[in-house]
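Welcome! Here are some short exercises to work through with the sequence and the structure side by side. Try each task yourself before you read its solution.

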Amino acid sequence: MRSLLALLRIEAAASLADRRLAVLGAMHKLLLAGAQVLLWSSLVGPEGTTIDGGHLSHADVVTYVLLATALASLAEFPVVDTINDRVARGQAAVDVLRPPGFPMLVLAGELARFVVGLVTQALPALVVLGAVLGFVTPGPDRVAAALLLVVGGWLLATLVGWCIAIAALRLLDTTQVKYAFQGVTALFSGALVPLWFFPEPLRAIAEALPFHLLFHAPLSVWLGLAGWAEIVRFFAVLALWLCVLVPVAVAAWHWSRAEMVVHGG
Amino acid sequence: MGGLRFLLAQTGLALQARMHDRFNFVIEQVSNVVFYLCATVALAIIVMRFGRIGGFGLAEMMLVYGLNLVSYFIAGTYLWGVARTLEGSIRSGAFDLVLLKPVGPLVFLMARSFEPSMPVKAAGAFALCLYALTLHDIGASPATSIWLLATIVGGTLIQGGIMLAFSSIGFWVSGSRDLVELLIYGVRRTVDVPISIYPAPVQLVLTVVVPYAFVNYYPVLGLAGSTESAGMAALAASALAVGLPCAAAGSALWRLGLRRYRAAGG
């Protein structure tokens with residue numbers, strides 16, 4: 001545990017080393033979030049819109065858009081680039097020899113980058129735009145449930161990304177497959193359009209896939225649009241998907257590592 | 001002429017190199033199709049749910065999105081790589097070697113930056129535009145074909161001019177790669193939707209300062225009303241009218257930066 005925390009600290013420091021990059025990242029988030037807020041504000045108007053018999057106020061929509069933009073990296077599978085880059089540079093060969101092990105090194109790095117990205121890039125945009133345009137904050141119980149779902153969602157997305165990425169040890173380059181996953185995830189997770197606006201058949205598909213746990217689930221909880229029974233269901237489905245994905249990720253690691261070739265080794 | 005021959009020869013070589021791993025190339029194209037198909041479906045869901053976005057229906061929205069993509073992909077085929085790598089090659093000193101080549105530095109960098117997947121994506125975006133036109137009331141006609149061609153050529157000149165202008169920042173600002181990416185990628189995405197949804201100052205910036213609005217919004221606005229008035233007809237042709245000076249401005253800024261460049265130790 002101590003070595004994991006040390007790894008997290010090192011990775012976080014590395015992510016923060018280039019401050020200018022962090023500022024640019026924050027500006028990028030601000031630009032994307034601002035454009036999205038203006039788009040959705042023009043669609044729902046000041047009075048909001050109805051969904052599933054309920055009501056979504058303008059402030060709810062702004063909050064949804066800001067949080068979805070803040071969490072955007074969940075649908076981008078950055079672990080695929082990390083692993084492919086390490087394989088291409090030959091760094092993976094060194095990583096497997098280091099004490100924490102390749103999976104732990106990669107996981108710690110991804111977690112650190114996700115947290116640093118949230119704090120340094122997404123949070124400033126969230127605070128600035130939230131202060132100007134309004135932001136809905138629920139009670140502490142819903143905040144805690146939503147945060148737990150985000151953590152679970154990050155693990156889920158990282159495991160999916162890991163399964164795509166680790167095949168690079170056999171196939172040399174799997175970055176291209178990532179784009180298809182990014183597209184499907186962005187659509188069916190609620191990152192681009194909240195699932196409440198989907199036609200029924202598409203919504204059924206979205207809810208059958210794991211990706212709705214990345215955006216739709218935590219944001220429904222945050223906005224108070226999911227009751228506690230539904231929140232329990234979200235956690236149960238998340239646990240189920242993690243139970244499926246962990247063995248698959250482990251199997252993918254063993255399958256790929258068996259083919260790993262270290263030149264000159 | 002020699003520059004063009006060099007560019008084409010290098011393009012052929014880059015294509016050969018990329019096609020060495022055909023499976024990967026095909027997978028990449030399939031992935032790209034899936035990615036943009038999902039984005040288009042998302043757009044269709046929004047229009048189906050809310051009727052219109054900024055006064056535009058489904059056909060116009062698909063045109064707005066498709067025109068932005070097709071012109072970006074065509075311009076990016078040679079210039080996106082230049083925008084991403086120029087600052088790095090200046091910082092590492094590799095740009096000095098580029099200046100020693102027997103072809104112009106821009107042509108050399110463009111040839112080196114050729115991205116084979118961009119034309120494939122452009123073809124997909126073009127198909128989306130054609131599909132959108134079949135959905136549109138105005139339908140397909142010789143006039144519509146000329147409008148589409150002029151808009152794509154004009155849009156490509158605008159996108160190319162902006163890419164070149166933003167790339168040139170690298171001559172003045174060290175470590176500007178991420179700023180350039182933000183300016184090109186982030187700002188361009190704001191015109192994935194009609195600019196009429198934005199407040200007036202933002203519309204003004206996207207019309208006058210960084211004229212992305214002429215890539216899609218004004219031409220599509222003009223398309224529907226081009227038979228009604230001369231003003232609308234002018235809007236329909238606006239991409240080409242703005243594209244030429246925009247490309248010239250981008251090129252001028254590049255030359256200005258190049259003249260200002262001093263090699264390390266020189």
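**Exercise 1. Find which elements of chain B have the lowest and the highest mean pLDDT in this predicted model.**

Solution. Start with the low end: among the elements of chain B, H12(B) has the lowest mean pLDDT, 78. Now go to the high end, where H13(B) has the highest, at 94. For the chain as a whole, the mean pLDDT of chain B is 89, and 97% of its residues reach 70 or more.

**Exercise 2. Do the same for chain A: where is confidence lowest, and where is it highest?**

Solution. First take the chain as a whole: its mean pLDDT is 88, with 97% of the residues of chain A at 70 or more. Then look at the elements. Confidence in chain A is lowest in helix H8 (residues 168-171), with a mean of 75. It is highest in helix H11 of chain A (residues 216-222), at 96. For the complex, the predictor gives an ipTM of 0.87 and a pTM of 0.88.

**Exercise 3. Work out why helix H11 of chain B is largely enclosed by the rest of the structure.**

Solution. Step one is to list the buried residues of H11(B): Tyr217(B), Tyr218(B), Pro219(B), Val220(B), Leu221(B), Gly222(B) and Leu223(B). Step two is to set them against the length of the helix. Residues 217-225 make up H11(B), and seven of these nine are buried, so the helix is largely enclosed by the rest of the structure. Step three is to find the packing partners: the buried residues of H11(B) pack against helices H3 (58-92), H7 (142-167), H12 (230-236) and H13 (238-260) of chain B.

**Exercise 4. Decide whether Ile90(B) is buried or exposed, and find its contacts.**

Solution. Begin by locating Ile90(B), which sits in helix H3 of chain B. Next, count its surroundings: 20 other C-beta atoms lie within 10 Å of Ile90(B). The cut-off for a buried residue is 20 or more, so Ile90(B) is buried. Leaving aside neighbours within four places in sequence, Ile90(B) is in contact with Phe95(B) and Gly170(B). Finally, compare Ile90(B) with Arg177(B): they are 87 residues apart in sequence and 11 Å apart in space, C-alpha to C-alpha.

**Exercise 5. Describe the side of chain B that touches chain A, by element and by class.**

Solution. Count the residues first: the contact takes 29 from chain B and 27 from chain A. Helices H2 (22-50) and H9 (177-189) of chain B each supply at least two residues of that side of chain B. H2(B) gives the most, with 18 residues. Sorted by class, the side of chain B that touches chain A has 19 nonpolar, seven polar and three charged residues.

Conventions: Residues numbered from 1 in each chain as written. Chains lettered and ligands numbered in written order. Predicted model: local features only at pLDDT ≥ 70, side-chain atom pairs only at ≥ 80, totals over all residues. Buried ≥ 20, exposed ≤ 12 C-beta atoms within 10 Å, placed from the backbone. Helix = DSSP H or I, 4+ residues; strand = E, 2+ residues; numbered from the N terminus. Contact = placed C-beta atoms within 7 Å. Nonpolar A, V, L, I, M, F, W, Y, C, P; charged D, E, K, R; others polar. pLDDT = per-residue confidence, 0-100.
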